[in-house]
Amino acid sequence: MISTTDAREGRGPSRLVSVVISCYNSERTIREVVELSMAEFARMDGYDCEFVLVDDCSSDRTFEVIRQLADEHPNVRGASLMRNFGQHNGLMCAMHFAQGDYVLGMDDDLQTHPSQIPALIKRMEEGFDLVYGCYRESLNGSLKRFTSWLNKVTSNKLLGRPEGIRASNFWVISSQVKDQVIRYANYNPNVDALFTRMTRRVANVTIEHHQRAYGSSGYTLAKLVRLWLAYFNYTVVPLRIVSAVGVITAGVGFFAGVVTVVRKVLNPGMMAGWASTICVLLFFFGLVLLTLGVIGEYLGNIVLSINSTPQFIVRDKVNL
C-alpha cells in the first residue's frame, strides 16, 4: 500500500501497519497508547500506521475517547461491540477492518509499550510471517505468571508450536496470515492457536515489559480458564491423552486382577481388601467423569458452532 503522505511528498511507497487493540475500560490509557505509537511510527522510515480500536462493551467512557481520537486523527478507526465478547473476539473484529501490510496486536494498558514497536517491525523485515515480543522480565503478578507458564507449556504440546517459540499478547503478522485468520468464524477464537495453524515462519524478539499504567487486569481466574479451554477448538490431543490413559489403566487393572487371583490360589486364607477396592472404584469413576468432561467440551463447542453463536456483534463504528 502507498501512503497518501508519501504520494504527496514524492517519496517511495511505504508499508502500512495496522495496530489492532481490543479495549476494555481503558478510557485513561488508550489515548496515550495511540499517541505514543504514532510518535514511534513518525520516527520509522518507510512505515505508516492506522489504528483499529474495538471497545469490548466497556463500562466507562472508552468508546467516547475512541470517537475523540478518530475525530482528531483520520487514521484512527473504531468499533463498539454490543456485549462483552472477550479480548480475542475483539481482536478478530479489529482484524476484519485492518488494511495494513502488517497487523500489530497490542494491549490497551501500556504494558505492551509502544516504545517496543520498532523491535518487532525490524524482526518482521527478516522475512517472518509472525513475530512475538518476548518479555525479558515479566512484571505480572504471581497468578498471571503461573497461568502464562501453564499456557506456554500446554499450547506448545496441544498446538504443536515450533520449538523454542514463546507466545505473547504483543505480536505482528503479515497481511497473508491475517487474511486466513479472519476466515475463521467459530464463536470462541484464540488468535495464538490460529496463528500456529497458518505458518511455521515464526520468530521471537526480546522486548521490555512495562508496568500497567492504571488499574488491574480484567482477566479473572474464570476468564483465564475459559481462554485456556478455547484450545479444545484446535486440537484432538486431549481425546488422545484420555484414550491412552484408559488403555494404560485397563492394562494395570487387568494385571492387578491376575496377581490377585494368583495370590488367592496360593493363599486361600488371604483376606480381600475392602478399602483397596473402594479406592480402585473411586479412581476409575473419576477417570470416567474426566473423560466425559473432555468429550462434553468438544460436544459443547460443536453445538455452539452449529447454532451460529456470533463471534462478535458491532453496535457502532467510527471512521470505518
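# From a loop cysteine to the cores of the chain

Cysteine 57 sits in the loop that runs between strand 2 and helix 3, and in this predicted model the residue has a positive phi of about 55 degrees although it is not a glycine. With a relative accessibility of 32%, cysteine 57 counts as partly exposed, whereas cysteine 134, at 11%, counts as buried. A search of the whole structure for disulfides finds 0. A second positive phi in a residue other than glycine belongs to leucine 110, where the value is near 70 degrees. Leucine 110 is placed in the loop between strand 4 and helix 5, and its relative accessible area of 5% makes the residue buried.

Before going further inward, it helps to take in the chain as a whole. The protein chain has 11 helices and 8 strands, and buried residues make up 43% of its 320 residues. Among the contacts with a separation of 6 or more, 85% are accounted for by residues 24 or more positions apart. The average pLDDT of the chain is 81, and 76% of the residues score at least 70. Confidence is highest in strand 4, at a mean of 98, and lowest in helix 1 (residues 4-9), at a mean of 42. The pLDDT is below 50 over residues 1-12, a stretch that has 15 contacts in the model beyond near neighbours in sequence.

Which residues have the most contacts inside the largest nonpolar core? They are Ile30, Leu53, Leu104 and Ile121, in a core of 36 residues. At least two residues of this core come from each of strand 1 (15-23), helix 2 (30-42), strand 2 (47-55), helix 3 (62-72), strand 4 (102-105), helix 5 (117-124), strand 5 (130-135) and strand 7 (202-207). There is also a second, separate core, which has 26 residues and includes Cys93, Val103, Tyr132 and Val202. To return to the largest core, leucine 53 shows how parts of the chain are brought into contact: leaving out residues up to four places away in sequence, leucine 53 touches Ile21, Cys23, Ile30, Val34, Ile66, Leu69, Val76, Arg77, Gly78 and Ala79.

Two of the residues touched by leucine 53, Ile66 and Leu69, are also among the buried residues of helix 3, which are Thr62, Phe63, Val65, Ile66, Leu69 and Ala70. When helix 3 is seen down its axis, these buried residues fall within an arc of 155 degrees, so they line one face of the helix. The elements that cover them include strand 1, helix 2, strand 2, strand 3 (76-81) and strand 8 (314-318).

Strand 2 also holds a charged residue, glutamate 50. Is glutamate 50 buried or exposed? Its relative accessible area is 2%, and since the cut-off for a buried residue is under 20%, glutamate 50 counts as buried. The side chain of glutamate 50 makes a polar contact of 2.4 Å with the side chain of serine 18. Apart from residues up to four places away in sequence, glutamate 50 touches Leu16, Val17, Ser18, Val19, Asn75, Arg77, Phe97, Ala98, Gln99 and Gly100. Arg77 is thus touched by glutamate 50 and is likewise touched by leucine 53.

A further polar contact involves serine 14, which lies in the loop between helix 1 and strand 1. Serine 14 is buried, with a relative accessible area of 7%, and its side chain is joined to that of aspartate 48 by a polar contact of 3.3 Å. Although serine 14 and aspartate 45 are 31 residues apart along the chain, their C-alpha atoms are separated by 8.2 Å.

The last stop is phenylalanine 195, in helix 8 (residues 191-198), which counts as buried at 0% relative accessibility. Its C-alpha atom is separated by 7.7 Å from that of leucine 130, a residue 65 positions away along the chain. Setting aside neighbours within four places in sequence, phenylalanine 195 is in contact with Leu130, Tyr132, Trp171, Ile173, Val177 and Val181. One of these partners, Tyr132, is included in the second core.

Note on methods: Residues numbered from 1 in each chain as written. Predicted model: local features only at pLDDT ≥ 70, side-chain atom pairs only at ≥ 80, totals over all residues. Heavy atoms only, no water. Core = buried A, V, L, I, M, F, W, Y, C linked by side-chain atoms within 4.5 Å. Buried < 20%, exposed > 50% of the residue type's maximum accessible area, 1.4 Å probe, protein only. Helix = DSSP H or I, 4+ residues; strand = E, 2+ residues; numbered from the N terminus. Contact = heavy atoms within 4.5 Å. Arc of directions from axis to C-beta. Disulfide = S-S within 2.5 Å. Polar contact = N/O pair within 3.5 Å; in protein donor to acceptor, adjacent residues only side chain to side chain. pLDDT = per-residue confidence, 0-100.
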